[in-house]
Amino acid sequence: MTAESQPWSNRFRPCCLADVAGNQSAIYQLRSWMRSWEKGPPDQRAAFLFGPPGVGKTCSVVALANDLDYDLLEVNASDYRTKKRLEGLVGRASLQTLTITGRRRMILFDEMEGVSGVEDRGGISSIASIIKESRVPVVLVATSTGEKWEDKFRPLVDLSLLIEFHPVPFGDMIRRLQDCVKELGISVDMDALELLADRSEGDLRSTLNDLEAVARGKKRVTLEDVESLSDRDRKDYTPDALMKLFSAKSLRDARRIVSSTHIGYDDLYDWIYENLPIVLDDSSDLAKGMEALARADIHQSRAKSTQEYRLLKYMFNEMTGGVALSKTRSEGAGVIKQARTKIATLGFPPGAFTVTETAEGVEIKPVRYLGQDWRRVNSVFRGMGAQWMREGGRWLLPYFRPPQLIWRYRRTWHSRRRLRSVAARVAERCHISSKEAVSEVIPLIRVMFQGDKAMAENISSWLELEKKEADWLKRET
Amino acid sequence: MSGGMWAEKYRPQTLDEMVNQTEIVSRLMNFVKDRNLPHLLFVGPAGVGKTTSILALARDLYGSGYRNYILELNASDERGINVIREKVKNFARTAAISSDVPFKILIMDEADSLTSAAQHALRRTMEIYTRTCRFCLIGNYSENIIEPIQSRCSIFRFGPLSEGDMKNWVTTIANKEGVNLFEEGVEAIYEAAQGDLRKATNLLQAAAATQQGEVDDVTIYTVLGKVSPGKVREMINMGLKGQFLDAREMLRTLLIDEGLAAEDIIRIVYSEVLRLGIPEQWKVKLSDTIGEVDYRLTQGARPEIQLSALIAKLALVGEEMGR
């Protein structure tokens, strides 16, 4: 396999420790421990490297072996790791410090988190006994996810020097990416590089995979290319993303939600627009936030009309950062305040409803049986986006509601179809455009239809309207 | 009562019947006498007789079968270059038969809303088919018509109707329809419609329908409350009071349920804001904001978003004024 055809996360594996990005103190620990072997086996014959994925744990071991000229015997998840197998594979090697060609030897047990209790029966304990007897350095590597991961490795943890790896810091990540980009001879816009680094949360390997996904076969990578990447991992449920957005204190934090939600940026935009006036309850905040959204809208229409999609980044900045940073004076009690205000307009004595915040949303509960009033109250709350929950006898008003636009278009479909056909008739008979018919004439025709039956029939036949259309005009809006 | 919409029922059928725009009418009558006319460009505000003039001219020229010799297109409904290429060409290239007039007339209403590419296509068509077809382009502003077209047309500028003419007209119709129209009613109609005769007539008819033929100022205001300007005013007031969510609901009703164009809403917002009882300097500030939104809409921005941003500004203004 030539360098060019390799996946980039392999191709840019550091070959010496100096090239490893971040985690300098962990690397220093590892290196000192290796050097201590030169004076014979130290107390802890194994080093146990753990940390999140893609931060350079295995890379560091491989690079170190290169630096110090060790022969590296590697056992990973592709090998069966039962007691018997392991003893066959490494048992003997661990007792011989030199290879046949006279090089020093070290052993790497990679992907330890994948050692299975069933298929790899006895694996952990046999690794433990290998460590106890070993004459050569043994390095264990595990990706730690979740809590209590080390319980499984208890016998090994006690025998090993524990070295923790951390996510690669943003700056180190950028520097490493720049080196790779230089070596590839391509150009990647700085903001694109930043977004790549940002969205990976310190996982350099996934960043390189992402870079490869967008940059293969390209001379130049723009922000837009990166935006188009579907997020490989955890997608936020939209309301959670909105919660993050409205509590963000920096452009970077706010901006993150564009790539972390599972919906497209235009849907996300609609969600933000729908909920913005509920969260921003201060009028100056709201005016600023709405203006940010309006500016975002302009950037989007420019990007579309010029086909210059790099302009979209300005849209993203406005719709996330612009909105989030507008929130300076708002109490953020949006939904609950909205609920209280609405309840006050219903004409019940104070205390007729209890309003409480729960994890799912604001709960509105009538204290007494509402009887005939229920319908009226329900329609008011429904208008706010609340839902009646039969069990518990309460309305639940979610903190964020989905965009109402599509729902509204769907609800008014028939009515809009009538409007169009009537408008076409009016336009022809009155020598005007249908637009003018809609805005100037039809509203007045409605008044005529609702006020005077004879006139309605007269106009109806003059316009040659169908009965359905005439009935539609008679209906109060 | 018969005849559907009164605005159509009482539309002058011949140039003789037209009571205003006398100077223009006499020039048009000369064309009829000559049995020949140039390409025409009619510009002026709405409801002052532009379409009426050309339809009357056609009737005078061709007689009662005039419909066979004209094609009416509305550019705002049939925008774009393809309409020009297809419909206009097909109509323009065939000569008028069985008439002593050797040409037909193509009426293009709201021609000022044609894109400039479409206007350029139109200009060529006008040249090529001059022998068989005359064009009458109608619009509000001559500025939106490209120079080459203007230079190929005789331009007629229609002025707004005088207050007296308008009031006479409305009163005449009311008498003929047996509507008891009070003096206050006439005033209210003029106040709302200004020189727009079609609007005035429609307003009268709607008012007559609500009060069994008794129309005073209250009747007119009641009707006005039910049509778009009334609802837009309500939206503005909600905005000023800081009820953003309610105002946005109203905006959605106007835009989606009632199909109102964003430019109509912005036009009404503008004229309503100038009439608001707020300090004059605020009117200037708001006018600037409205102008910005208006421009953005011409650039393809989303109407609901831009208008919502405007409502949010209204809320801010309302709050600052309250202090």
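Q: How do helix 8 and helix 10 of chain B pack?
A: Helix 8 (residues 183-193) and helix 10 (residues 217-226) of chain B pack at an angle of about 35 degrees. Their axes lie 7 Å apart. Axes here are lines fitted to C-alpha atoms, for helices over the stretch in contact, and angles run from 0 to 180 degrees between N-to-C directions. Helices (H or I, at least four residues) and strands (E, at least two) are DSSP runs, numbered from the N terminus.

Q: Any ground rules before I go on?
A: This is a predicted model: local features need pLDDT of at least 70, side-chain atom pairs count only at pLDDT 80 or more, and totals for chains, interfaces and linings use all residues; side-chain values use heavy atoms, with hydrogens and water left out. Residues are numbered from 1 along each chain as its sequence is written, while chains are lettered from A and ligands numbered from 1 in the order in which they are written.

Q: Back to those helices. Which residues of helix 8 of chain B meet helix 10 of chain B?
A: Glu184(B), Gly185(B), Ala188(B), Ile189(B) and Ala192(B) do. On the helix 10 side, they meet Asp217(B), Ile220(B), Tyr221(B) and Leu224(B). Contact means heavy atoms within 4.5 Å.

Q: What kinds of residues are in that contact of helix 8 with helix 10 of chain B?
A: Six are nonpolar, one is polar and two are charged. Ala, Val, Leu, Ile, Met, Phe, Trp, Tyr, Cys and Pro count as nonpolar, Asp, Glu, Lys and Arg as charged, and the others, Gly among them, as polar.

Q: How many helices and strands does chain B have?
A: Chain B has 15 helices and seven strands. Of its 323 residues, 55% count as buried. Buried means under 20% relative accessible area, exposed over 50%, partly exposed in between (1.4 Å probe, protein chains only).

Q: Strand 3 of chain B: how many of its residues are buried?
A: Six of its six residues (104-109) are buried. Lys104(B), Leu106(B) and Met108(B) cover one side. Ile105(B), Ile107(B) and Asp109(B) are on the other.

Q: Why two sets?
A: Because side chains in a regular strand alternate between the two faces of the sheet.

Q: Which strands pair with strand 3 of chain B?
A: Strand 2 (residues 70-74) of chain B pairs with strand 3 in the parallel sense over five bridges. Strand 4 (residues 133-139) of chain B also pairs with strand 3 in the parallel sense over five bridges. Two strands pair if DSSP finds at least two bridges between them. Glu72(B) stands opposite Ile107(B), and Ile105(B) has Arg134(B) as its bridge partner in strand 4 of chain B.

Q: Over to chain A. What is the strand order in the four-strand open sheet?
A: The order is 8-9-11-10, with antiparallel pairing. Strand 8 (353-357) and strand 10 (387-389) of chain A are the edges. Neighbouring strands are turned by 25 degrees against each other on average, direction ignored.

Q: What lies across strands 8, 9, 10 and 11 of chain A?
A: Helix 17 (residues 373-384) of chain A does, at about 15 degrees to strand 11 of chain A.

Q: Is Leu64(A) buried or exposed?
A: Leu64(A) counts as buried, because its relative accessibility is 0%. It sits in helix 3 (residues 57-68) of chain A. Leu64(A) touches Leu17(A), Leu30(A), Arg31(A) and Met34(A), not counting residues up to four places away in sequence.
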